[in-house]
Amino acid sequence: MNNQLPRQIEPVVIVHGGAGDIPDSRDHEKHQGTKLAARLGYDRLMAGGSVLDAVEEAVRSMELDENFNAGLGSVLNLDGVVSMEASIMSGDDLKAGCVTLVEDILHPITLARRVMENTNHTFLGADGAMRFAREQQIEILDPKGQLVTQHAKDALEAFKRDKAKGFSTVNAKTEIGDVGTVGAVAIDRNGNIAVATSTGGMTGKIVGRIGDTPLIGSGTYADNNAGGVSTTGHGETIMRYNVAQKILQRIEYLNEDAQTATRIVLEKMTERLTHAAGAITIDINGNVGHYFTAKKMAWAYRKANHIYYGIRIGDNFVEPA
């Protein structure tokens, strides 16, 4: 007879607000937004919500914040249109919901969850995703274009100026500064894990471009047998390297903790493919990982009565929750 008590994990909610060349002037807003998201997600979990509720709540908070590249803060494609994507995944049953090429929806993460829970599919895009949003009574902003911010307009103009100077599409940089994809990972006391990621993509992307964010295994992955990962950074590179899945494979098969696995995969990715990325991770023991090869990545997590946060390599600020 097995009298062993069920394993109890300290609940954690960790979020990221995007990796990139974030100007110092934006640090405070990034800190404030990620700390708020981590608090809201954790509060939802502690109030009896599921890990899916927690990550959705955290991401919805950042989709409302112009300091992040998701929802209201989304960047523009070459036509000056906000075209968004998101994904959410449950580590218990490996169910997931993904959407791409959606417009004028304030909370793409909620639409992604509806795909997971209210269809027999995993991924919807473009016109089909918009039709499904209407069927699910997801609010579609009218008139169109309400998600276009001045910051996004300025960033697109700067991108076009860089291209005119001869920079390639991949290497063009703007002086406006990155606002950053958002993501969240949560684990509850029973070891259930969920992940959510949402983005507006990259400034100046070709119409129809799809990044890593809605791709299971690249931008998002959750598995109660390994952990959960949400990524951010250069999407084409993250896709090609299958970053989220690689991190969890190291945890599951090499017994590495979340921080070690996250660091090794991102360093190997950047060494091989040049471009930068970041990720947040929780392993099955509730250990937290956050690492990036970009200049900065805003992150924060709530555990017990404290909030931990940072934006530069080596940061580990802490304050009472």
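Ser90 of strand 2 stands opposite Ala194 in strand 6. The model is predicted, and this pair is a convenient place to enter it. Strand 2 and strand 6, the latter made of residues 193-199, pair in the antiparallel sense over 6 bridges.

Strand 2 also pairs with strand 3. Here 5 bridges join strand 2 to residues 96-102, and these two strands run antiparallel. Within this pairing, Ala86 stands opposite Val99 of strand 3. Strand 2 and strand 3 form a hairpin with 5 residues between the strands, and in this hairpin Leu94 takes a positive phi near 65°.

Strand 2 itself, residues 84-90, is mostly covered, with 7 of its 7 residues buried. Its side chains point in two directions: Met84, Ala86, Ile88 and Ser90 go one way, while Glu85, Ser87 and Met89 go the other. Residues on both sides are buried, and the charged-type name Glu85 is among them.

Helix 8 is the next element to consider. It covers residues 258-273, 16 residues in total, and reaches 22 Å from its first C-alpha to its last, close to the 22 Å expected at 1.5 Å a residue. At the N-terminal end, Asp257 caps helix 8, with a side-chain oxygen 3.0 Å from the backbone nitrogen of Gln259. Just after helix 8, Thr274 takes a positive phi of about 75°.

The buried residues of helix 8 are Ala258, Ala261, Thr262, Ile264, Val265, Leu266, Met269, Thr270 and Leu273. An α-helix has 3.6 residues a turn, so residues three or four places apart point the same way. The cover over the buried residues of helix 8 includes helix 6 (235-241) and helix 7 (243-254), along with strand 9 (277-283) and strand 10 (288-292).

Key:
Residues are numbered from 1 along each chain as its sequence is written. This is a predicted model: local features need pLDDT of at least 70, side-chain atom pairs count only at pLDDT 80 or more; totals for chains, interfaces and linings use all residues. Side-chain values use heavy atoms; hydrogens and water are left out. Helices (H or I, at least four residues) and strands (E, at least two) are DSSP runs, numbered from the N terminus. The expected span of a helix is 1.5 Å times one less than its number of residues. Buried means under 20% relative accessible area, exposed over 50%, partly exposed in between (1.4 Å probe, protein chains only). Contact means heavy atoms within 4.5 Å. A polar contact is a pair of N or O atoms within 3.5 Å; within protein, one must be able to donate a hydrogen and the other to accept it, and residues adjacent in sequence count only if both atoms are side-chain atoms. Two strands pair if DSSP finds at least two bridges between them.
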